Amino acid sequence: MESVKSQTITAPSTQQVNGSKAVLEALVKEGVEYIFGYPGGAIMPIYDELYHYHDQLKHILTRHEQGATHAAQGYARASGRVGVCFATSGPGATNLITGIADAQIDSTPLVCITGQVAAHLLGTDAFQETDIIGISMPVTKWNFQITKASEIPGVLAKAFYIAKSGRPGPVLIDITKNAQFEEFDFSYEQCKGFRSYIPTPKLNFDQIDAAARVINAAEKPMLLLGQGVILAEAENELKAFIEKAHIPTAWTIMGLSALETTHELNVGMLGMHGNYGPNKLTNECDVLIAVGMRFDDRVTGDLKQYAKQATVVHIEIDNAEISKNVHAHYPVLGDAKEALTALLPVIEENNHEDWLNEFRAFAQTEYDKVIHDELNPESAELTMGEVIKFINEEVNNDAIIVTDVGQHQMVACRYAGFKQTKSSITSGGLGTMGFCLPAAIGAKMGAPDREVIAIIGDGGVQMTIQELGTILQTGVNVKVVILNNEFLGMVRQWQELFFDKRYSATEMINPDFMLLAKAYSIECEKVDERDKLRAAIHEMISHDGPYLLEVRVGKENNVFPMVPSGASVSDIILEKPQNI
């Protein structure tokens, strides 16, 4: 492989510092704004040094280390920068793992720094010692244990480069306590590359030309948009591409907001609870163009019945994803922005209006059978969909919507409206309940000028509800909406549809969320009547400061459409089967 050498213009200056100061100086030189973390014994020297960096680095004390990782994820996803978190050794480090795993599968750039017992104690089962390198190896893009202070500059520079380059991901750096105290001659140089790591493959223009020929000849092309478009900042190139070729475009939940909701070529969401048209017509298109997505099982359903009639063009930066799940007849290995830029001049102007009308016909069927009743219900019970509808109207489709995992997530992804990119933040691949509340805190800090609204179920919010304490301490202006159906709603829906309504361990007896909000000095309101909902949402958005709104929704409402587990995307259903 080619080696990519660091470019140095002048020799960096040196200064005598200890390892703890070296860590913080490295963060400053990498342009870090926020650190999300929780102190403890093994990382105490770094926190002691942090005391002197209040003007340069803002530390956010979360109430749990998992909250720190999710907040760092929210920050990274909203800002497009690397999220940073701190934790101590042992349980502090292991508490990071869920968030790190979430970041790994959702390609979120994080640098996680953990303290560790002194080097001479490694392997002795010392107090709060765990092998965090071994534990985190399967869920990190790279990890490294520093045992000498002199390793800190080079390792941290490499960590930031790896986290943000190519297909982004989380990096964990474990620093022994002795290395935090040791002094050495410090200098810092940002990493520009190193031998054997080629994060962005060089485009093969033969692949570009071959893909263009197939796309130009297509009569029924369909484009699948994933988060790779957002990570590559290729939104404008994608829009120019689909408009020139007039290609209906669907999106994964991780790709949501890359293309504005109202765009005429935006045909909706793919997957298990996606829109009717893009799921049905996946198995009728003649050319399937996937850009920056990995053909997750929630998108494809039964792979044996997935798009077998289609010629597949797959634009993807990670070679491991090409033909992993769905065979790519025409792979294009490379950065989405570079690939779309190269394709644009060789793509012919086209018009696929008759094909687009097929999507519109399915959309009308879905509206008549599902959407109308969800957004304009006649039942006494409030629906999740109408809550999202009123939020859209209040913010004019221009807020960052952060969701947890479950029914409310699918409803929010289906119905939230977006005008600009980086506006939808959710846990996609890992499906981590508890993600939303801390991620919303980080998102607001990553995009302080934007409205940030957390949409959470009553189950997920209680997994990280202690982060209301982080809101109390920081005053961060996050709007929290709890959609309370007193069930673990998505699990209950499956139990109803596929387990003969045996509601095993899914009904929730919840606390008084209003009393909890007041305990944390957060303004709040509870709504269970339709005529009060719109005013309550207006009050929440208008309030200058954090706000918690609880909306009591129907206990046994379901989310449709739905592709049953293991079924073909063509078997998507619009309503509960008659025999259930």
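## Where domain 1 meets domain 2, and one cavity

The C-alpha centres of domain 1 and domain 2 sit 36 Å apart. This is a predicted model, so take what follows as a reading of computed coordinates, by definition of how the model was made. Three domains make up the division of the chain: domain 1 covers 2–186, domain 2 covers 205–358 and domain 3 covers 382–556.

Let's start with the interface. Seven residues of domain 1 touch seven residues of domain 2. Interface size is often quoted as the accessible area lost when the parts come together. Here, domain 1 and domain 2 bury about 620 Å² between them, and 54% of that is on carbon and sulfur atoms. On the domain 1 side, Arg77, Asp106 and Arg167 do a lot of the work: they supply 63% of the area that domain 1 buries against domain 2, more than any other three residues.

What about polar links? Here is a quick tally for this interface.

| Item across domain 1 and domain 2 | Count |
|---|---|
| Salt bridges | two salt bridges |
| Polar contacts (both residues at pLDDT 80 or more) | three residue pairs |

By class, the domain 1 face that touches domain 2 has two nonpolar, two polar and three charged residues. Arg167, already named for its share of the buried area, forms a salt bridge with Glu321, with the closest N and O atoms 2.8 Å apart.

Now for the cavity. How many cavities of 30 Å³ or more does a search of the whole structure find? Just one turns up, and the largest cavity has a volume of about 70 Å³. Its lining is made of Glu374, Met384, Gln407, Val411, Asn485, Val553, Gly554, Asn557, Asn558 and Val559. Sorted by class, that lining has four nonpolar, five polar and one charged residues. The charged one is Glu374, while Met384, Val411, Val553 and Val559 are the nonpolar ones. Gly554 counts among the polar residues here, along with Gln407, Asn485, Asn557 and Asn558.

How values were computed: Residues are numbered from 1 along each chain as its sequence is written. This is a predicted model: local features need pLDDT of at least 70, side-chain atom pairs count only at pLDDT 80 or more; totals for chains, interfaces and linings use all residues. Side-chain values use heavy atoms; hydrogens and water are left out. Domain bounds come from an automatic or database domain assignment. Contact means heavy atoms within 4.5 Å. Buried area is the accessible area (1.4 Å probe) that two parts lose on being put together, summed over both. A salt bridge is a side-chain nitrogen of Lys or Arg within 4 Å of a carboxyl oxygen of Asp or Glu. A polar contact is a pair of N or O atoms within 3.5 Å; within protein, one must be able to donate a hydrogen and the other to accept it, and residues adjacent in sequence count only if both atoms are side-chain atoms. On a 1 Å grid over the protein atoms alone, a cavity is a set of points where a 1.4 Å probe fits but cannot get out, and a pocket is an open set with protein on both sides within 12 Å along at least five of seven lines; lining residues have an atom within 4 Å of a point. Grid points are joined across faces, edges and corners, and a volume is the space filled by probe spheres set on the points.
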